Amino acid sequence: MADMHSEADLAFVRETMLAQKEPPIAEQGALKWLRENLFSSWLNAILTVLSLLLVYWVLAHTLPWLLRGVWDAGSLAECREIRDARYGDGVDAACFAVITDRWQQLLFGFYPRELYWRPILALLCFFAAIAPVLFARVPRQMLGFTVAAPFLIFLLLWGGTIWGPLTVALGFVIGWACIAFLTKPLGRLVATIAAVLLPIIFWLFLAGPLARELGNILPIGLEPVGSKDFGGFMLSFVIGVAGIILSLPLGILLALGRQSDLFLINKVSVGFIELIRGVPLIVWLFTASLLLNYFLPPGTNFDIMLRVIIMVTLFSAAYIAEVVRGGLAALPKGQYEAADALGLDYWQSMRLIILPQALKIAIPGIVSTFIGLFKDTTLVVFIGLLDPIGLSNSIRATTDWNGIYWELFLFIGIMFWIFCFSMSRYSMYLERKLTREHR
């Protein structure tokens with residue numbers, strides 16, 4: 001009778017589910033976040049308390065200074081009079097009136113005030129031109145404007161006749177023609193060398209005289225503005241953006257050249273990269289300012305800003321080359337073998353398989369290099385160009401604002417932070433987008 005049991009011996013089986021209950025207070029909401037992130041251990045708790053005390057101390061000393069800021073004064077002395085009348089003698093208060101009084105100079109330097117519309121329009125053209133490159137949703141038809149935008153922006157900023165930008169564009173057409181018509185009869189290597197050398201020769205010796213002759217015949221253009229009138233954030237933006245845009249393709253070519261099996265191309269690329277990286281940027285800027293004219297034909301008038309852009313571009317390209325080389329080295333050898341198995345030649349495999357993956361890997365390093373390049377544009381103050389730091393020194397040297405410091409530096413720091421933070425956020429967006437597409 002072992003299989004017979006009384007009802008009391010039967011196991012209990014629940015027929016209905018228990019009602020759902022709220023989790024404990026310590027396991028939900030803000031308390032859970034605080035416990036996991038700020039007070040997960042005794043060491044984290046001590047560090048959190050010390051950090052809060054430091055934050056409180058900083059805010060206690062800076063917020064009153066910021067909130068008492070004076071925005072409506074014509075000089076530092078007047079600003080202090082207003083401060084004393086409002087808050088009492090000797091109270092700490094920021095004098096932001098220097099920003100309201102000199103913001104145009106900090107942004108545009110000594111660019112003619114009646115022509116401010118030109119750099120503003122150039123900035124809008126830049127954003128319109130870069131949009132189809134940065135965002136896939138922008139219509140691809142705008143890429144034609146992207147190609148033409150650099151020449152239009154140059155005309156808007158520097159003025160002069162339209163023939164200067166057009167002759168520069170003609171040099172690129174010559175390079176394209178070399179690739180298009182010389183590749184089959186002479187080979188890709190010879191065509192590529194010709195596509196590099198012939199435009200450079202044209203720009204150095206023929207573009208200037210041709211533009212002047214055409215300007216004498218048909219003087220169409222805008223009022224010229226010299227580079228000496230550039231300054232402030234406009235100067236930093238022009239040098240930084242030009243260096244960023246030009247250094248990326250040059251850095252990719254140098255990275256490919258460093259990995260090339262051709263002895264001459266490999267050694268030239270290695271020598272260039274190591275030479276440029278081994279010397280501080282400030283030395284190259286002094287070279288651009290003082291020594292570069294000695295290597296040019298007699299009578300050549302080489303604009304100082306153009307010289308600085310060239311040196312900044314070369315300097316950044318050397319670092320970009322090493323970042324891209326790291327991305328190339330990170331790819332498995334099977335990717336190269338797969339490209340060979342598909343019957344692709346060198347350039348097809350690089351364009352379609354290798355470089356897209358290598359550049360994806362190298363995105364953080366590339367963006368970090370670009371951010372460093374943009375901040376390094378402040379070094380041009382040492383060769384006589386008035387970037388925001390140089391202009392702040394000039395402003396503080398005037399009798400009206402002699403003795404003011406932190407307000408100008410705070411404004412300059414915020415402007416640089418906005419640009420660098422934007423690049424960083426776009427880098428993160430691009431990494432997320434490419435990761436999703438990969439999945």
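These notes go through a predicted model, helix by helix and then loop by loop.

1. Helix 9 covers residues 232-258. Its 27 residues should span 39 Å at 1.5 Å a residue, and the C-alpha atoms at its ends are 37 Å apart, so the expected and computed lengths agree. Of these 27 residues, 21 are buried, so helix 9 is largely enclosed by the rest of the structure.

2. Helix 9 also has a bend. The bend is about 30° and is placed at Ser247. A proline, Pro249, follows within four residues of that point.

3. Which helix does helix 9 pack against at an angle of about 145°? The partner is helix 14, residues 346-376, and the two axes are 10 Å apart. The crossing of the pair is right-handed.

4. The residues that make this packing can be listed from each side. Helix 9 contributes Ser236, Phe237, Gly240, Gly243, Ile244, Ser247, Leu248, Ile252 and Leu256. Helix 14 contributes Tyr346, Trp347, Met350, Leu355, Leu359, Ile366, Phe370, Leu373 and Phe374. Sorted by class, the residues of this contact are 14 nonpolar and 4 polar, with no charged residues. Ser247 is therefore a residue to look at twice: the bend of helix 9 is placed there, and Ser247 is among the residues that meet helix 14, under the contact cut-off of heavy atoms within 4.5 Å.

5. Ile320 belongs to helix 12, residues 304-330. Is Ile320 buried or exposed? Its relative accessible area is 0%, so Ile320 counts as buried, the cut-off being under 20%. Ile320 touches Ser247, Leu248 and Gly251, and also Ile366, Thr369 and Phe370, when residues up to four places away in sequence are not counted. Among these, Ser247 and Leu248 in helix 9 and Ile366 and Phe370 in helix 14 also take part in the packing of those two helices. Ile320 and Ile244 are 76 residues apart in sequence, and their C-alpha atoms are 9.8 Å apart in space.

6. Two buried residues lie in the loop between helix 14 and helix 15. One of them is Thr377, with a relative accessible area of 2%. Leaving aside neighbours within four places in sequence, Thr377 is in contact with Ser236, Ile239, Gly240, Asp387 and Phe416. Val380 is in this loop as well, and Val380 also has a relative accessible area of 2%. With the neighbours within four places again left aside, the contacts of Val380 are Leu235, Ile239, Leu285, Val308, Leu385 and Asp387. Ile239 and Asp387 thus appear in the list for Thr377 and in the list for Val380.

7. Separation along the chain and separation in space should be read as two separate values. Val380 and Gly343 are 37 residues apart in sequence, and their C-alpha atoms are 49 Å apart. For Phe154 and Asp72, the values are 82 residues and 36 Å.

8. Helix 8 covers residues 188-217 and has a kink of about 50° at Leu206, shortly before the proline Pro209. The buried residues of helix 8 are Ala191, Ala194, Ala195, Pro199, Phe202, Ala207, Ala211 and Gly215. They pack against strand 1 (160-161) and helix 7 (163-186).

9. Helix 4, residues 97-108, has as its buried residues Ala97, Val98, Ile99, Arg102, Gln105, Leu106 and Phe108. Gly109 comes just after helix 4 and takes a positive phi of about 65°. Phe110 lies in the loop between helix 4 and helix 5 (117-134). Phe110 is partly exposed, at a relative accessible area of 41%. Neighbours within four places aside, Phe110 is in contact with Gln105, Asp229, Leu386 and Leu391.

10. Phe154, in helix 6 (residues 143-158), is likewise partly exposed, with a relative accessible area of 39%. Not counting residues up to four places away in sequence, Phe154 touches Gly159 and Pro165.

11. Where is Ser75? Ser75 sits in the loop between helix 2 (42-67) and helix 3 (76-87). Its relative accessible area is 14%, so Ser75 is buried. When residues up to four places away in sequence are not counted, Ser75 touches Asp400 and Trp401.

Conventions. Residues are numbered from 1 along each chain as its sequence is written. This is a predicted model: local features need pLDDT of at least 70, side-chain atom pairs count only at pLDDT 80 or more; totals for chains, interfaces and linings use all residues. Side-chain values use heavy atoms; hydrogens and water are left out. Axes are lines fitted to C-alpha atoms, for helices over the stretch in contact, and angles run from 0 to 180 degrees between N-to-C directions. A crossing is left-handed if the near helix is turned anticlockwise from the far one by less than a right angle, and right-handed if clockwise. Ala, Val, Leu, Ile, Met, Phe, Trp, Tyr, Cys and Pro count as nonpolar, Asp, Glu, Lys and Arg as charged, and the others, Gly among them, as polar. Buried means under 20% relative accessible area, exposed over 50%, partly exposed in between (1.4 Å probe, protein chains only). The bend at a residue is the angle between axes fitted to the seven residues ending there and the seven starting there. The expected span of a helix is 1.5 Å times one less than its number of residues.
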